[in-house]
Amino acid sequence: MTIALRAQPAPPLAASETRPVAVQALSVEKGYANGTQALRPVDLEIAEGEFVTLLGPSGCGKSTLLKMVAGLIEPSDGRLLLWRKPGTRLCETGKSLSYVFQEATLMPWHSVRKNVRLPLEMDGVPRAEADRRVQIALERVGLERFADALPRELSGGMQMRVSIARGLVVEPQLLLMDEPFGALDEITRNHLDSDLLTLWQRHAWTVMFVTHSIHEAVFLSQRVIVMAARPGRVVADIHIDEPYPRTAEFRLSARFSEYAMALHQHLVDASSEEPL
Ligand code: ADP
């Protein structure tokens, strides 16, 4: 069985499916002040509702690209548009985004409820409305019974769920996730990957997910953007043309292995082009 993998950037889904373009990078590049060229010019379109993963080794610019989409850092050149507007004007589109970090970064002295409520407090959302939304967010990640617990009373996987609930509580249309499960054991990570897909299918968010795990990328994504380091760049844009829901059987299937091998080959080919 052969899988049609595209080594060249895939045609934008948005064009063929008439879905709005949620994220658009136009020759976006990033050089840091210390002279590091973190990212060569990237052109990328992500349609609304797509689940797209940035895959590549450490230092290939995955976090840099995600942080630029989030508006946490500025591109050195090029333009980043969210729903056709500059990222800084996202509020004009009526959309919002959330950024979930690798570490749960919870306030240890606050309860789960208070941690999840923080973004709403910062936005000045009235308390009753905030509590209602916190309850919904905790239910989404299956933690409603732990609302009064302190972070240290939870496992690492549960703490990550709290972090995700904190990202969801603002009801974002764009979810940016920077290796959110990278610090967890493989079984917990697999569970959280499945739970994330369930939530994504239900809510149709646009997701940009960062990982250096080939298997996680294949399991989760509709599209995998393969990146290489020194300098950071995009080397392939691969469609994972498999239906959802994706189950444990998919992980064990021949197609899963073929996708994984193809992605692996892209990473190997790209690393062999790196300067010594
Ligand atoms: P990844 O997320 O793929 O591991 P990063 O985006 O974190 O990669 O980093 C890309 C490159 O940019 C690396 O060489 C890294 O050392 C460098 N880099 C990241 N952040 C900074 C910074 N604030 N200042 C200077 N160099 C940085």
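Author: A polar contact is a pair of N or O atoms within 3.5 Å; within protein, one must be able to donate a hydrogen and the other to accept it, and residues adjacent in sequence count only if both atoms are side-chain atoms. This is a predicted model, where local features need pLDDT of at least 70 and side-chain atom pairs pLDDT 80 or more, while totals for chains, interfaces and linings use all residues. Residues are numbered from 1 along each chain as its sequence is written, and side-chain values use heavy atoms, without hydrogens and water.

Reader: What makes threonine 64 a polar contact of the ligand?

Author: Its polar side-chain atom lies 2.5 Å from a ligand oxygen atom. The limit is 3.5 Å, so the pair counts. Lysine 62 also has a side-chain N or O atom 2.9 Å from an oxygen atom of the ligand. For cysteine 60, a polar backbone atom is 3.1 Å from a ligand oxygen atom. Both pairs fall within 3.5 Å, so both are polar contacts too.

Reader: How much of the ligand does the protein cover?

Author: It covers 62% of the 560 Å² of accessible area that the ligand has on its own. Such areas come from the Shrake-Rupley method with a 1.4 Å probe.

Reader: Which residues are around the ligand, and what puts a residue on that list?

Author: A heavy atom within 4 Å of the ligand does it. Tyr32, Asn34, Pro57 and Ser58 are among them. Helix α2 (residues 62–70) gives the largest share, three residues. Helices are DSSP runs (H or I, at least four residues), strands are E runs of at least two, and numbering starts at the N terminus.

Reader: How do the residues of this shell divide by class?

Author: There are four nonpolar, seven polar and one charged. Lys62 is in the shell, and it counts as charged because Asp, Glu, Lys and Arg do.

Reader: How do you know which residues of α3 and α5 meet?

Author: Contact means heavy atoms within 4.5 Å. Val112, Asn115, Val116 and Pro119 in α3 meet Val162, Ala165 and Arg166 in α5. Five of these residues are nonpolar, one is polar and one is charged.

Reader: What is unusual to look for at proline 231 and proline 245, cis or trans?

Author: The bond joining arginine 230 and proline 231 is cis, with omega about -10°. Proline 231 sits in the loop between β9 (223–228) and β10 (233–239). The bond from tyrosine 244 to proline 245 is cis as well, with omega near 0°. Proline 245 is in the loop between β10 and α8 (248–252).
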